[in-house]
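Subject: Structure handover

Hello,

Here is the structure I promised you. Please open it and keep it in view while you read my notes below.

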Amino acid sequence: MPDPRGPSSKIELRVLRGHRTATMRVEVDQTAISLAMGDVMRHVHEALGKQNVKATSAPFARYHALGPTVDFEAGVMVDEVVVPDGDVKPSSLPSGPAAIAVHAGPYESLSGTHEAIRTWLEASPDYVANGGPWELYLTDPSAEPDPSMCLTEVIFPLKPKSGG
């Protein structure tokens with residue numbers, strides 16, 4: 001059995017249930033994602049605290065556009081309805097099929113896992129991407145100072161290829 005702590009684990013096809021979320025969407029320079037992520041998560045947690053809503057997942061980031069400027073929303077899954085609070089809004093993650101791989105290692109090398117899933121999708125006779133991918137940060141970087149020990153699920157929502 002391959003070591004799941006390799007650069008990217010085996011790509012799995014799973015069917016996800018949808019999730020209610022609380023997120024904040026931003027556009028930032030690609031070099032500022034890390035800094036922006038911390039700021040966004042602080043705002044999300046403050047908004048949830050004011051509403052006595054508990055996070056039901058680790059933090060995640062969903063990417064809507066990648067390039068020199070990155071458009072993403074970050075937040076957490078919640079069970080309760082979230083009321084908009086400034087830039088923090090209710091959102092959702094979709095249900096349905098998804099290609100998922102667990103990335104082991106620093107965030108700076110996540111692009112390799114994204115590329116592995118894209119390559120898998122290009123070879124897939126059955127599926128295409130269905131919206132932006134997201135990353136679920138399974139390891140809290142404030143609790144694990146060694147970046148090589150970080151685990152991140154990389155998730156690409158899918159839809160069946162039309163016409164065959």
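Start just after helix 1, with Asn52, whose phi is positive, near 55 degrees. Asn52 is not a glycine, yet it has this positive phi. Keep in mind that this is a predicted model. Asn52 belongs to the loop between helix 1 and strand 3. Is Asn52 buried or exposed? With a relative accessible area of 65%, it is exposed, because the cut-off for that is over 50%.

Ala55 is found in that loop between helix 1 and strand 3 too. Its relative accessibility is 36%, so Ala55 counts as partly exposed. Setting aside neighbours within four places in sequence, Ala55 is in contact with Val76, Met77 and Val78. Pro84 is 29 residues from Ala55 along the chain, and their C-alpha atoms are separated by 15 Å.

**Helix 1**

Now step back to the helix itself. Helix 1 runs over residues 33–50, which makes 18 residues. At 1.5 Å a residue, it should span 26 Å. Its end C-alpha atoms are 26 Å apart, so the two agree.

Which residues of helix 1 are buried? They are Ile33, Ala36, Met37, Val40, Met41, Val44, Ala47 and Leu48. These cover an arc of only 130 degrees around the axis, so they sit on the same side of helix 1. Leu35 and Lys50 are exposed on the other side.

What covers the buried residues of helix 1? The cover includes strand 2 (19–29), strand 3 (60–65) and strand 4 (69–77). It also includes strand 5 (88–93) and strand 8 (134–137).

**Ala61 in strand 3**

Look at one residue of strand 3, Ala61. Ala61 has a relative accessible area of 0%, so it is buried. Leave aside its neighbours within four places in sequence. Ala61 is then in contact with Met37, Phe72, Glu73, Ala74, Pro133, Trp134, Glu135 and Tyr137. Take Phe72 from that list. Phe72 and Ala61 are 11 residues apart in sequence, and 6.6 Å apart in space, C-alpha to C-alpha.

**Helix 2**

Helix 2 covers residues 110–123. Does its length check out in the way you saw for helix 1? Its 14 residues should span 20 Å at 1.5 Å a residue. The end C-alpha atoms are 21 Å apart, which agrees. In helix 2, Leu110, Thr113, His114, Ile117 and Leu121 are buried. They cover an arc of only 100 degrees around the axis, so they lie on the same side of helix 2. On the other side, Ser111, Glu122 and Ala123 are exposed. The buried residues of helix 2 are covered by parts that include strand 6 (96–104), strand 7 (127–129), strand 8 and strand 9 (151–160).

Trp120 is found in helix 2 as well. Its relative accessible area is 28%, so Trp120 is partly exposed. Which residues does Trp120 contact, leaving aside its neighbours within four places in sequence? They are Ile11, Leu13, Ala99 and Leu158. Ala99 and Trp120 are 21 residues apart along the chain, and their C-alpha atoms are separated by 8.8 Å.

Compare that with a pair that starts in strand 6, where Ala104 is found. Ala104 has 8% relative accessibility, so it counts as buried. Ala104 and Glu122 are 18 residues apart along the chain, and their C-alpha atoms are separated by 23 Å.

**The largest pocket**

Last, find the largest pocket. Its volume is about 770 Å³. How many residues line the largest pocket? The lining has 22 residues, and Ile33, Tyr63, Tyr107, Glu135 and Tyr137 lie nearest the centre.

Some of these names should be familiar. Ile33 is one of the buried residues of helix 1. Glu135 and Tyr137 are among the contacts of Ala61.

Helix 1, helix 2 and strand 8 each supply at least two residues of the lining. Which element gives the largest share? Helix 1 does, with 5 residues. By class, the lining has 12 nonpolar, 6 polar and 4 charged residues.

Best wishes

How values were computed. Residues numbered from 1 in each chain as written. Predicted model: local features only at pLDDT ≥ 70, side-chain atom pairs only at ≥ 80, totals over all residues. Heavy atoms only, no water. Helix = DSSP H or I, 4+ residues; strand = E, 2+ residues; numbered from the N terminus. Expected span 1.5 Å × (residues − 1). Buried < 20%, exposed > 50% of the residue type's maximum accessible area, 1.4 Å probe, protein only. Arc of directions from axis to C-beta. Contact = heavy atoms within 4.5 Å. 1 Å grid on protein atoms, 1.4 Å probe; cavity = no way out; pocket = protein on both sides within 12 Å on 5 of 7 lines; lining within 4 Å. Points joined across faces, edges and corners; volume = space filled by probe spheres on them. Nonpolar A, V, L, I, M, F, W, Y, C, P; charged D, E, K, R; others polar.
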